Amino acid sequence: MCVCRYYLLDSLKALLDELKIQTSPPKPTVTLQPSWTQIYSGETVTVRCEIQGGEGAEWTYEWSPAKLNTPPTSNEYRISRATESDVGGYSCRGRRGSSWTDWSDVITLTVLRKLNIFLSF
């Protein structure tokens, strides 16, 4: 009788662990389009929060830094005419229902000054 109880508890624990793995929201990934982490001032880049396997679900997004003025339902942020104020790390997380994902890894964007070189002869 004791052996059966332990077997049942082990089976129940394994089932709960499996359910936890299946229901945990996946960790998002921040991507850049174009995919370069170094751009020149004045260029445009789109920062996107991608959640693998999260297609078709209604997600709410939170961005870091919080200065990103995006609607919570938008998984992307467009930087037009990049400046030095856009330099830094970007990360995101998503919420579906009451469950938040972990924060994505940070992707660091560098904005380089364009050098204007004029040649005269």
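Which pattern does the chain follow, read along the sequence? The answer is α-β-β-β-β-β-β-β-β. This is a predicted model.

**Whole chain.** Start with everything selected. Colour by secondary structure, and you should find one helix and eight strands. The chain has 121 residues, and 25% of them count as buried. Switch to a surface view. The accessible surface comes to about 9,100 Å². Carbon and sulfur atoms account for 54% of that surface. Now think about contacts between residues at least 6 apart in sequence: 60% of these join residues at least 24 apart.

**Strand β8.** Select residues 107-112 and show side chains. In a regular strand the side chains alternate between the two faces of the sheet. Strand β8 shows this alternation. Pick Ile107, Leu109 and Val111: they point to one face and are buried. Then pick Thr108, Thr110 and Leu112. These point to the other face and are not buried.

**Strand β2.** Keep β8 on screen and add residues 38-40, which form strand β2. Strands β2 and β8 run parallel, joined by three bridges. To see one pairing, select Tyr40; its bridge partner in β8 is Leu112. You have met Leu112 already, on the face of β8 whose side chains are not buried.

**Strand β6.** Next, add residues 88-96, strand β6. How do β6 and β8 pair, parallel or antiparallel? The sense is antiparallel, over three bridges. Select Gly89 and look across to β8, where its bridge partner is Thr108. Thr108 is another of the β8 residues that are not buried.

**Last view.** Show β2, β8 and β6 together. Strand β8 pairs with β2 in parallel and with β6 in the antiparallel sense.

Notes:
Residues are numbered from 1 along each chain as its sequence is written. This is a predicted model: local features need pLDDT of at least 70, side-chain atom pairs count only at pLDDT 80 or more; totals for chains, interfaces and linings use all residues. Side-chain values use heavy atoms; hydrogens and water are left out. Helices (H or I, at least four residues) and strands (E, at least two) are DSSP runs, numbered from the N terminus. Buried means under 20% relative accessible area, exposed over 50%, partly exposed in between (1.4 Å probe, protein chains only). Contact means heavy atoms within 4.5 Å. Accessible areas come from the Shrake-Rupley method with a 1.4 Å probe; for residues, only the protein chains shown count as cover. Two strands pair if DSSP finds at least two bridges between them.
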